[in-house]
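Me: Please take a close look at one part of this model, beginning with a single loop residue and how far it is covered. I would then like its surroundings described and set against the chain as a whole.

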Amino acid sequence: MTINIVGLGYIGLPTALMFAKSGLKIVGSDYNTNLVKSLTEGKLTFEEKGLEKLFQEAISNGIEFTTDYQKTHTYIVAVPTPYIKNSKKLDPKYVISAVNSILDVCEKGAALIIESTISPGTIDKYIRPEIEKRDYVIGEDIHLLHAPERIIPGNMIYELEHNSRTIGADSLEIGEKVKGLYANFCKAEIIVTDIRSAEMSKVVENTYRDINIAFANELAKICRTDNMDVYEIIKTANMHPRVNILQPGPGVGGHCISVDPWFLVGDYPDLTNLILTARKINDSMPRHVLGRIRDIMREHGIKDISKVGLYGLAYKENVDDTRESPTLQLLERMDEHLAFGVKIYDPFVKTRIVDHQFMNFEDFLNEIEILVIMVGHDHIKNNMELIKDKLILDTKNICVFDGAYKL
Ligand code: SAJ
């Protein structure tokens with residue numbers, strides 16, 4: 001029996017490879033011809049720890065990549081679910097289109113498993129009607145499931161195997177069958193629940209983290225005004241057995257934590273005061289970093305913004321993913337204020353995506369006086385010697401020597 005994985009991005013590809021490694025017959029489909037071509041030629045499309053090895057194993061097990069959808073019995077949909085900038089609501093267009101393409105070819109009784117993160121109620125509101133339009137009976141002709149992923153970029157392969165997961169299904173029987181499928185590679189607990197609870201719990205998980213980070217960021221601002229060490233305070237508070245405050249930083253990026261809470265705000269605008277405030281605090285952090293850069297420039301009489309270098313374009317450490325990254329958010333703010341010329345470097349980002357981006361670390365350092373650490377890549381942790389003589393704004397608290405400015 002073939003499993004057709006639809007969408008071969010950050011989630012779909014590693015998931016497809018894990019299934020293939022476990023010995024199942026896997027076909028990965030994506031409408032992006034270049035991506036399919038690259039995978040078919042044995043070239044990965046993004047960097048991730050352990051992915052190359054897993055890719056080779058999956059290839060030996062006969063994984064195939066194509067732009068077509070397969071006629072089969074099991075589909076896993078992992079397409080993007082962006083949000084609409086103004087309304088902050090989820091845009092389900094890619095999921096709807098994938099579901100329709102599947103309905104065109106699937107076998108009777110097929111299981112359609114949606115892994116993409118969706119806002120609570122999306123399946124009832126947008127997916128069921130697409131199926132019913134075709135006079136299919138849900139539960140007989142098609143089985144609908146939601147199995148949200150939980151893996152963190154940078155540690156995806158390990159987490160695919162070791163994180164527990166949730167399967168939302170209309171019927172317990174089908175839910176249990178799909179649980180058996182995932183148990184081929186997932187060694188942790190798999191909980192079967194209803195579809196709405198699965199949708200909601202996924203968004204709640206990421207919102208919880210967003211709120212916790214917002215608290216840390218707010219503490220950082222409070223501590224800044226009265227010259228207290230926020231890291232020391234969080235470390236001390238976390239000694240309490242029931243306290244676990246996350247770390248402040250230059251902002252929250254990525255396609256998950258900075259996006260999912262908006263689904264709740266968009267759908268329940270009158271009920272999401274805390275969630276909205278947390279979002280605003282985290283979105284305000286790039287501006288706070290700008291303020292800190294201005295403080296340091298003033299203190300040292302530096303007037304030329306091109307003497308400032310931002311280290312890190314990715315949204316977090318040791319990944320090449322730049323979606324919603326705090327550095328990009330900061331550059332956007334600077335553009336609004338007509339402040340151009342700041343220099344940028346990220347060892348993971350090998351194509352030029354912004355102005356004044358350097359491809360060589362030492363060239364970058366030679367051009368700047370103030371180094372702003374936006375991302376705590378291992379690369380900079382291993383190169384502390386090279387940056388010692390700079391003025392440093394360390395937004396990630398990774399500098400091992402005294403004298404660096406903090407958030
Ligand atoms: N961040 C902080 N302080 C912290 C931790 C993170 O400022 O203490 C920032 C990071 O620098 C980054 C952003 O938050 O900009 C998000 O990074 P992350 O590592 O916390 O999370 P993601 O977006 O890479 O992955 C999250 C995970 N969700 C949770 O931890 C609840 C992951 O398990 C999900 O699978 C993923 O979202 C997703 O796909 O939804």
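Reply: In this predicted model, Thr-322 has a relative accessibility of 18% and therefore counts as buried, the limit for that class being under 20%. Its position is in the loop that runs between β9 (308-311) and α12 (326-336). Once neighbours within four places in sequence are set aside, the contacts of Thr-322 are Leu-313, Ala-314, Tyr-315, Leu-328, Val-349 and Ile-353. Of these, Leu-328 falls within the bounds of α12, so named by its range 326-336.

The helix that follows this loop has buried positions of its own. In α12, the residues Pro-326, Thr-327, Gln-329, Leu-330, Leu-331, Arg-333 and Met-334 are buried. The packing partners of these buried residues are α11 (273-299), β9 and β10 (343-345). In general, an α-helix has 3.6 residues a turn, so residues three or four places apart point the same way. Pairs with such a spacing can be found in the buried set, including Thr-327 with Leu-331 and Leu-330 with Met-334.

A second loop residue, Met-374, leads back to the same helix. Met-374 sits in the loop between β12 (370-373) and α14 (378-381). With a relative accessibility of 3%, Met-374 is classed as buried. Its contacts, leaving out residues up to four places away in sequence, include Pro-326, Thr-327 and Leu-330, each of which is among the buried residues of α12. Met-374 also touches Leu-310 and Tyr-311, which belong to the range of β9, and Val-289, which belongs to the range of α11. The remaining contacts of Met-374 are Pro-250, Gly-312, Thr-395 and Lys-396. Met-374 thus has contacts in α12 as well as in two elements, α11 and β9, against which the buried residues of α12 pack.

Other loop residues of this part of the chain are less covered. Arg-352, in the loop between β10 and β11 (357-358), is exposed at 57% relative accessibility. Leaving aside neighbours within four places in sequence, Arg-352 is in contact with Gln-357 and Met-359. Asn-397 is in the loop between β13 (391-394) and β14 (405-406), and a relative accessible area of 31% makes it partly exposed. Its phi is positive, near 55 degrees, although Asn-397 is a residue other than glycine. Asn-227, likewise not a glycine, has a positive phi of about 55 degrees. That residue lies in the loop between α8 (195-225) and α9 (230-237), where a relative accessible area of 67% makes it exposed. For context, most residues other than glycine have a negative phi.

The domain assignment places Thr-322 in domain 2 (205-406), while domain 1 covers 2-193. The C-alpha centres of the two domains are 33 Å apart, and their contact takes 18 residues from domain 1 and 17 residues from domain 2. Met-374 and Leu-54, separated by 320 residues in sequence, have C-alpha atoms 31 Å apart; by the assignment, Met-374 belongs to domain 2 and Leu-54 to domain 1.

Domain 1 also offers a buried loop residue. Leu-8, in the loop between β1 (2-6) and α1 (12-21), is buried with a relative accessible area of 0%. Beyond residues up to four places away in sequence, Leu-8 touches Leu-13, Gly-28, Ser-29, Asp-30, Leu-35, Leu-39 and Phe-65. The C-alpha atoms of Leu-8 and Val-36 are 8.4 Å apart, with their positions 28 residues apart along the chain.

As for the whole chain, its secondary structure amounts to 15 helices and 14 strands. The radius of gyration is 23 Å, close to the 22 Å from the globule rule for 407 residues, so the chain is as compact as a globular protein of that length. Buried residues account for 54% of the 407 residues, and Thr-322, Met-374 and Leu-8 are among them. Of the contacts between residues at least 6 apart in sequence, 68% join residues at least 24 apart; the contact of Thr-322 with Val-349 is one of this kind.

Note on methods. Residues numbered from 1 in each chain as written. Predicted model: local features only at pLDDT ≥ 70, side-chain atom pairs only at ≥ 80, totals over all residues. Heavy atoms only, no water. Helix = DSSP H or I, 4+ residues; strand = E, 2+ residues; numbered from the N terminus. Rg over C-alpha atoms; globule rule 2.2 N^0.38 Å. Buried < 20%, exposed > 50% of the residue type's maximum accessible area, 1.4 Å probe, protein only. Contact = heavy atoms within 4.5 Å. Domains from an automatic or database assignment.
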